[in-house]
Amino acid sequence: VVTAAAASSSKNVQKAALVFLHGLGDTPAGWSDLKHQLPKLYPRLSNLVYSFPAAPTVSITINGGAEMPGWFDLYDWPIAVGSKDDEEGLFRSMQQIEEEIQKIETKEGIPRERIVIGGFSQGGAVALLTAYYNNSNKKPLAGCVALSAWLTLCGDKNDMSSFVKENVKNTPLFWGHGTFDDKVLFEQQMFGVHKLAEVTDNNNIETADYPIGHSSHPKEMEDFAKFIDKILFDNENNDASEL
């Protein structure tokens, strides 16, 4: 008799990847420990290819035009619902991440539908765009993780039915946010989730909140790890249990 655990460990686990984007003023080193932290919580995540792209150095309006690592410019502070978007910067960064995804597909042989995109703050905003914005000509990503993030390009002039196309409406989402966030306000979570729920499968959206400001929380990391382990490997585990 082959146990489920033995079957799972004896076969090759299907390759997958996590692309995670840092926040404003940070570098890839700020989040690169995820490649050690997440597998300690869920061992199957040691099978992932981890990618931590670096944001370009850009001028940030809210900081008096000072240049720093950032995925796009910011015009309002704190970042509340209705804050102005830097469309040019957002599209530029989304293109950069699409190129990173293509590199993983080519060099690692991992298909797009086995790649999770995630990010913190500004990085989470770009991750949401990459996962859901007008990707009618692409296969869906495996999932999206938004930590202390916000949904951009969804103001009154933008129709949500054109934001999310049919092919990506089932892309799973985990959105974690601090209830005391004074930089990207907590209201952004409810606003963004409700906007996406208008045009996606609400059953694939998971949210969680934590008693923190604009930072991460140990329970949030556990929930993050559990989410990507589930969406990437649960089907494989179910297949093994049938042996």
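Hi everyone, let's start with one helix. In H4, the buried residues are Gln122, Gly123, Gly124, Ala125, Val126, Ala127, Leu128, Leu129, Thr130, Ala131 and Tyr132. That makes 11 of the 11 residues of H4, so the helix is largely enclosed by the rest of the structure. Please keep in mind that we are looking at a predicted model.

Let me step back for the overall picture. The chain has 243 residues, and 47% of them count as buried. Its secondary structure consists of 7 helices and 8 strands. If you take the contacts between residues at least 6 apart in sequence, 74% of them join residues at least 24 apart. As for the outside, the accessible surface is about 11100 Å², and carbon and sulfur atoms account for 48% of that.

Back to H4 and one of its partners. At what angle do helix H3 and helix H4 pack? H3 covers residues 87-108 and H4 covers residues 122-132; the angle is about 70°, and the axes are 9 Å apart. An angle between 65 and 115 degrees counts as roughly perpendicular, and H3 and H4 therefore fall into that group. Their crossing is right-handed. From H3, the contact uses Leu90, Ser93, Met94, Ile97, Glu98 and Ile101, while H4 brings Val126, Leu129 and Thr130. Sorted by type, these contact residues come out as 6 nonpolar, 2 polar and 1 charged. Just past the helix, you can find Asn134, which follows H4 and has a positive phi, near 45°.

Now for two loop residues. Thr152 sits in the loop between strand E6 (143-147) and helix H5 (160-163). Is Thr152 buried or exposed? It is buried, with a relative accessible area of 1%, because anything under 20% counts as buried. Setting aside neighbours within four places in sequence, Thr152 is in contact with Asp85, Leu90, Ala125, Leu129 and Phe163. You may recognise Leu90 and Leu129 from the contact between H3 and H4.

The other one is Lys169, in the loop between H5 and strand E7 (173-178). Lys169 is partly exposed, with a relative accessible area of 28%. Again leaving out neighbours within four places in sequence, Lys169 is in contact with Val164, Val199, Thr200 and Asp201. There is also Asn202 to look at: it is 33 residues from Lys169 along the chain, and the two C-alpha atoms are separated by 9.1 Å.

So, two loop residues to compare on your screen: Thr152 is buried, whereas Lys169 is partly exposed. Thanks for listening!

Note on methods: Residues numbered from 1 in each chain as written. Predicted model: local features only at pLDDT ≥ 70, side-chain atom pairs only at ≥ 80, totals over all residues. Heavy atoms only, no water. Helix = DSSP H or I, 4+ residues; strand = E, 2+ residues; numbered from the N terminus. Buried < 20%, exposed > 50% of the residue type's maximum accessible area, 1.4 Å probe, protein only. Contact = heavy atoms within 4.5 Å. Areas by Shrake-Rupley, 256 points an atom, 1.4 Å probe, with all protein chains shown as cover. Axes fitted to C-alpha atoms, helices over the stretch in contact; angles between N-to-C directions. Parallel < 35°, antiparallel > 145°, perpendicular 65-115°, else oblique. Left-handed = near helix turned anticlockwise from the far one by under 90°. Nonpolar A, V, L, I, M, F, W, Y, C, P; charged D, E, K, R; others polar.
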